Amino acid sequence: MPPQAPYPVFISSHVIGGFGRGSAELGIPTANIPPEALMASAMPKGQTGIYFGLSKITGTYGTLVRHKAAAEGAPPSNEIVKSTKAIATADATVLPMVMSLGWNPFYQNKEPSAEIHIVHKFQEQFYGADIKIAVLGYIRPESNFVSVEALIEEIMNDIRIGKETLALEGYREIAADAFWES
Ligand code: ADP
Ligand code: MG
C-alpha cells in the first residue's frame, strides 16, 4: 500500500544552523531547515512530532559561524560562509531520515521548525547545502524528556520503524522518483 495522502510531501530547501546544542552530543546530528520551507509545503499544519521519510543532500556547502543572539529571546544570528566544496558523491544519495517537527521558541512558537536526522555517516558537516525531503508518514508525538539514554533508545526505535516502512512496496518506489533529480 502506498503512503496515504497528504504523503509523500516533497520539500526542497537548504540546511541552516540550529541551536547547536544537544543533537551532536547525542550522536544524532539533525540538519535544520527554515520554517518557510514547511509553511509552503503540504505538511499537515500543527501536527508536531516525529516523521519519517527520505532525504538527499546536494550542491555545495560551507561553514557555520555562530553569533550570539542580539537580545534575550531573539533568534540566533547564525551565518553560513559558503564554500565551493561539493557534497561527496557517496553522500549525495537518497537516504532514510527521521524528522522532528516542533514549534520554534525563538519565533514565539508561531513557526514550525524541522530537524532531520539522516541515517548515514557523512564525511563532513554540510551547512548551506541543498536538501530534498520526501516526508512519508508520521511516527509519534514528541515525548517528554526522561533521560538521555531513553531518548536515544526512542530515536533508534523511530529509525527502525522508518526503515521497515521504507522497505515496503509502495514506499520503495519513492527512492526512484524524478523529484530527486529535479
Ligand atoms: P545544529 O543545531 O546547527 O542543527 P546539530 O548538532 O544538529 O547542529 O548538527 C547538525 C549538522 O550536522 C547538520 O547541519 C549537518 O551539517 C551535520 N550532519 C552530519 N551528519 C548528519 C546526519 N547524519 N544527519 C543530519 N545532519 C548531519
Ligand atoms: Mg540540528
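Strand β7 contributes the most to the shell around ligand 1, with three residues. Strands and helices here are DSSP runs numbered from the N terminus, a strand (E) having at least two residues and a helix (H or I) at least four. Both β2 (31–33) and β7 (112–118) provide at least two residues of this shell. The model is predicted, so local features require pLDDT of at least 70 and side-chain atom pairs count only at pLDDT 80 or more, while totals for chains, interfaces and linings use all residues. Residues are numbered from 1 along each chain as its sequence is written, chains are lettered from A and ligands numbered from 1 in the order in which they are written, and side-chain values use heavy atoms, with hydrogens and water left out.

**The ligand and its contacts**

There are 20 residues around ligand 1, and those that come nearest are G20, S23, I118, F126 and Y127. A residue counts as near if one of its heavy atoms lies within 4 Å of the molecule. By class, the shell holds ten nonpolar residues, nine polar residues and one charged residue. In this scheme Ala, Val, Leu, Ile, Met, Phe, Trp, Tyr, Cys and Pro are nonpolar, Asp, Glu, Lys and Arg are charged, and the others, Gly among them, are polar.

The table lists polar contacts of ligand 1, a polar contact being a pair of N or O atoms within 3.5 Å.

| Ligand atom | Protein partner | Distance |
|---|---|---|
| Oxygen of ligand 1 | Polar backbone atom of G18 | 2.8 Å |
| Oxygen of ligand 1 | Polar backbone atom of F126 | 2.7 Å |
| Oxygen of ligand 1 | N or O atom in the side chain of Y127 | 2.7 Å |

Taken alone, ligand 1 exposes 560 Å², of which the protein buries 94%. These accessible areas come from the Shrake-Rupley method with a 1.4 Å probe.

**The largest pocket**

The space that ligand 1 takes is the largest pocket. A molecule sits in a pocket if more than half of its atoms lie within 2 Å of the pocket's grid points. On a 1 Å grid over the protein atoms alone, a pocket is an open set of points with protein on both sides within 12 Å along at least five of seven lines, whereas a cavity is a set of points where a 1.4 Å probe fits but cannot get out; lining residues have an atom within 4 Å of a point.

The volume of the largest pocket is about 1,500 Å³. A volume is the space filled by probe spheres set on grid points, which are joined across faces, edges and corners. Its lining comprises 49 residues, and S23, I28, P29, T30 and E115 lie nearest the centre. Strand β6 (95–103) is among the elements that supply at least two lining residues, as is helix α2 (148–166). The largest share, six residues, comes from β6. The lining divides into 24 nonpolar, 16 polar and nine charged residues.

**The cavity**

One cavity of 30 Å³ or more is found in the whole structure. Residues lining the largest cavity include S143, F145 and E154.

**Cis peptide bonds**

The bond from A5 to P6 is cis, with omega near 10°. A cis peptide bond also joins Y7 and P8, with omega about 0°.

Definitions and conventions:
A polar contact is a pair of N or O atoms within 3.5 Å; within protein, one must be able to donate a hydrogen and the other to accept it, and residues adjacent in sequence count only if both atoms are side-chain atoms.
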